[in-house]
Amino acid sequence: MSVPRSPKVVGRGAGIDPPNRFEAVHREADYEHLEYDETLESPQKLATEYIADNTQTIVAENDSPDVGFRYSVNPYRGCSHGCAYCYARPGHEYLGYGAGVDFETKILVKHRAPELLREFLGRPSWKPETIVFSGVTDCYQPAERQFRLTRGCLEVALEARQPIGIITKNALVVRDLDVLAPMAAAGLVHVNLSITTLDAELARGMEPRTSTPAARLRAIRSLADAGVPAAVMIGPVIPGLNDSEIPAILKAAADAGAHGAGYVVLRLPWSVRPVFLDWLSRIHPEAQQRVEAAIRSTRGGAMNGTAWGERQRGTGIRAEQIKLLFQTFKKKYGLDRGLPAYDTSQFRPPRPASGQMQLF
């Protein structure tokens with residue numbers, strides 16, 4: 001009798017859905033009754049499901065010392081980019097879904113996002129400071145092509161002269177240059193393109209529904225040509241897998257017109273770990289032991305670190321080597337200039353959705 005196997009999932013970063021740690025009952029596929037079934041050999045394509053999210057708030061606040069911003073907006077929950085390493089996966093478990101395939105195929109859409117942002121910016125108590133788009137999931141993921149919620153929020157921000165930071169892996173951001181360019185001219189926006197590798201094949205397996213590395217570099221060029229301050233984020237640096245690419249990524253980004261750069265070291269909290277390790281065993285089995293050992297060398301022998309001040313950078317000799325390598329080539333390629341300061345002085349509350357002007 002053959003050994004039962006699960007169907008192969010294609011076009012997704014995750015090949016599994018780990019048990020939801022908040023649920024008492026777990027689902028598990030059972031193929032014990034099958035001796036052989038061709039459907040298990042055939043690739044399974046899973047459709048993306050868009051689910052209405054009726055949240056009543058859109059701006060989240062955090063006080064983490066490891067995060068460089070206080071306020072963020074995420075028009076979508078879940079992300080069909082399908083990055084195998086995505087630290088946001090465990091958030092889907094709070095919604096009753098899985099952090100693996102569910103995270104990539106069940107996307108919650110905050111249809112009222114622009115309206116809610118308008119209401120938030122209209123509060124008398126709001127003192128303008130930067131709001132970052134994609135603090136959790138990517139605001140330019142494929143859903144944005146259809147729903148255009150990020151664009152709607154940017155239009156509200158431009159009206160209010162509200163400073164915005166953007167982090168994305170998707171070249172779709174250049175679609176909104178007609179909004180971003182006037183925001184940039186007023187000192188209201190920065191865009192950070194995340195590039196983890198220049199190897200298109202590696203990117204396709206690790207980040208299956210993101211833009212190609214070449215497309216992201218072209219996006220940096222388009223942004224720079226339009227006067228939009230752009231930076232490159234190497235997020236994450238995966239020890240033993242892409243850390244050797246740091247110099248090449250920084251050079252390519254600088255050649256494309258980037259003015260700044262940043263990085264974070266791979267984090268594997270909660271259910272991210274089994275998803276990432278399953279991906280590694282399927283896509284790069286020859287590198288699995290080497291990569292796992294390298295990750296542990298940056299986390300004190302563990303696969304993840306949770307201490308404040310260390311989560312984003314890691315510890316130990318290898319983490320220090322990554323830091324020095326990044327700093328050396330960041331300076332060499334002129335990416336230590338940084339991006340221009342935001343201008344918060346122009347802020348004005350947006351017109352209420354009702355169209356009625358405020359008295360005070």
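## A tour from strand S11 to helix H12

Begin by selecting strand S11 together with strand S12 (residues 260-265): the two pair in the parallel sense over five bridges. This is a predicted model. Within this pairing, display Val237 and then Val265 in S12, which is its bridge partner.

Next, follow the chain from S11 to S12. The connection passes through helix H9 (residues 246-256), and this β-α-β crossover is right-handed.

Return to S11 and colour residues 230-237 by accessibility. Is this strand mostly covered or mostly open? Seven of its eight residues are buried, so that S11 is mostly covered.

Now add strand S10 (residues 189-194) to the selection. S10 and S11 run parallel and are joined by four bridges. To locate this pairing, show Leu193 and its bridge partner in S11, Val232.

**Helix H12**

Select residues 317-332, which make up helix H12. How far apart are the end C-alpha atoms of H12? They are 22 Å apart, in agreement with the 22 Å that its 16 residues should span at 1.5 Å a residue.

Show the side chains of Ala319, Ile322, Phe326 and Phe329, the buried residues of this helix. Because they cover an arc of only 110 degrees around the axis, they lie on the same side of H12. An α-helix has 3.6 residues a turn, so residues three or four places apart point the same way.

Which elements do the buried residues of H12 pack against? Display S11, H9 and S12, since these are the elements to examine: the buried residues of H12 pack against S11, H9 and S12.

Rotate the view to the other side of H12, where Ile317, Lys331 and Lys332 are exposed. Then move past the end of the helix to Gly334, which follows H12 and has a positive phi, near 75 degrees.

**A three-stranded sheet**

For the last stop, select S3, S7 and S6. These three strands form an open sheet in the order S3-S7-S6, with mixed pairing. The edges are strand S3 (49-52) and strand S6 (76-77), each of which pairs on one side only.

In which sense do S3 and strand S7 (residues 106-109) pair? Their pairing is in the parallel sense, over four bridges. To finish, show Ile51 and, opposite this residue in S7, Leu108.

Terms used. Residues numbered from 1 in each chain as written. Predicted model: local features only at pLDDT ≥ 70, side-chain atom pairs only at ≥ 80, totals over all residues. Heavy atoms only, no water. Pairing = 2+ DSSP bridges. Buried < 20%, exposed > 50% of the residue type's maximum accessible area, 1.4 Å probe, protein only. Right-handed = clockwise from strand over helix to strand, strands pointing away. Expected span 1.5 Å × (residues − 1). Arc of directions from axis to C-beta. Contact = heavy atoms within 4.5 Å.
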